[in-house]
Amino acid sequence: MRPELFLVLAAVTCAAGKPLSKAATAKNKLLLISFDGFRWDYDQDVETPHLDRLVVDGVKAKYITPPMLTMTSPSHFTTITGRWVEDHEVVHNMMFNATTNLKVPHKQTLTRSEWWDNGVLPLWITAQNQGLKTASFFYPGGGANYSGQAVTRAVVEEVGHPDDNETEWRQNVDTVLNWFTEEDFDFVTLYYGEPDNVGHAKGPDHPRRKEIIRQIDRTIGYLREAISRLDLNDSLNVIITSDHGMTTVKKRPQVDEIILNKYLNLIQLNSFELLDYGGFGILTPRPGQEQKVFDALSNAPNLTVYKKDEIPESFHLAKSKRLPPIVVVADLGFNLNSRFIVYVNKGDHGYHNGEMDMKTIFRAFGPSFKRNFLSEPFDSIHIYPLMCHLLQIQPAPHNGSLAVTENMLQHNGGLQRAPVSVAVLLSMLISMFYVL
Ligand SMILES: [Zn+2]
């Protein structure tokens, strides 16, 4: 036998006869971190050495655009499903029912599957169905069941849980990294409730917001140290992003604040409304009153009113079955007060996603990502196919495109090569016979 042929035969025999080692088949793992309400430019007026370092060691997008509507639950669920809000139907932070007048605050929705499970599978479940092990730490939607399936491990944030404890932030980093190293999880989502809370309470320009950005920066430094300590640099990809930005709420005497009841009699004309919640409002007119409500609000200053079926296509909201017939979007910085000004927030969101103040961040690093790569802005909906690609799984139907983000990946896609199948080796062998 010619020596070349012997070598090929030996290679085929080895590959076919021996189970592939864990190292040969291992895929990279993925950690998705979201810092709620991290406006795209929050790192530009504060010293953030660790975020700056990420720009050199990985990928930064100039900014990203969240979906309409720019709220925590709808936007996070678009990131984890790759679907527009009209498709996944998580159309508000508050769970509501316009018929029964039920309204459930955001944190109490986190384990209410009937709010989250509308036929669209989030990435945790799709990945689990393809053999991966996934977990969610505080990430919105992680505590619900989807078609009867739960995320393998889900830690849900309790009502009243403090969002800004730096010691706990580090413990949470340790916890999820241990899930990767000790228990072989493949995909974990980790959520932090800041800088959103501070942005609401103090406004985006307050010194306290800058302090919390420094705290986030230190946490990212801690994360990177821990990744090195646990020897995960070559096997863990990390995406850091957020759900929306934040803007200063305009108040008297600078502006005349909106009070909707000045323009229409809410009690007489409406059977349901969700107002006093930032820049996005919804109303269900009483039977036969829809045009009257629409006309009245059309005359109100500093807001835009839409009939649901006439919402611009770019909002991707019109198809929603859950949204009531009337949707109101306030001009940037105006709150939609219903009857009185009971509203205390100094910062808010929920405004048009075209406003720069609603844009948010995207950073990524790890073995699959280029270094020192500045990406053009893109829509957050495209994060989903990127994550599926990184995890080497077949995506569920989605509205994103890998073409938007693939230029940030290493040229080989940054993926470890899939093991060569026996069939491929045999065909190589047959072609070798012709050569020999
Ligand atoms: Zn918020």
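This report walks through the main helix contacts and one sheet of a predicted model.

A few notes on reading it come first. Residues are numbered from 1 along each chain as its sequence is written. Because the model is predicted, local features need pLDDT of at least 70 and side-chain atom pairs count only at pLDDT 80 or more, while totals for chains, interfaces and linings use all residues.

**The whole protein**

The protein has 15 helices and 20 strands; helices (H or I, at least four residues) and strands (E, at least two) are DSSP runs, numbered from the N terminus. Of its 436 residues, 44% are buried, a term for residues with 20 or more other C-beta atoms within 10 Å of their own, the C-beta atoms being placed from the backbone. Among contacts between residues at least 6 apart in sequence, 76% join residues at least 24 apart; a contact here means that the C-beta atoms, placed from the backbone, lie within 7 Å.

**The sheet**

An open sheet of 8 strands, with mixed pairing, follows the order 9-6-10-1-11-18-2-19. Two strands pair if DSSP finds at least two bridges between them. Strand 9 (153-155) and strand 19 (373-375) are at the edges with a single partner strand each, so one side of each has no neighbour in the sheet. On average, neighbouring strands of this sheet are turned by 10° against each other, direction ignored.

Inside the sheet, strand 6 (residues 134-137) and strand 10 (residues 187-192) run parallel and are joined by 4 bridges. F137 stands opposite L190 in strand 10. Helix 14 (residues 383-391) lies across strand 1 (29-35), strand 10 and strand 11 (236-241), at about 155° to strand 1.

**Helix 11 and two partners**

Helix 11 (residues 207-229) packs with helix 9 (residues 166-183) and also meets helix 3 (residues 49-57). Axes are lines fitted to C-alpha atoms, for helices over the stretch in contact, and angles run from 0 to 180 degrees between N-to-C directions.

| Pair | Angle | Axes |
|---|---|---|
| Helix 9 and helix 11 | about 30° | 10 Å apart |
| Helix 3 and helix 11 | roughly 55° | within 7 Å |

With an angle of about 30°, helix 9 is roughly parallel to helix 11 (a label for angles under 35 degrees). The residues making this contact include W169 and L177 of helix 9 and Y222 and I227 of helix 11.

At roughly 55°, helix 3 is oblique to helix 11, the label for angles that are not under 35, over 145 or 65 to 115 degrees. P49, H50 and L51 of helix 3 touch D217, I220, G221 and R224 of helix 11.

Key:
Two residues are in contact if their C-beta atoms, placed from the backbone, lie within 7 Å. A residue is buried if 20 or more other C-beta atoms lie within 10 Å of its own, exposed if 12 or fewer, and partly exposed in between; C-beta atoms are placed from the backbone.
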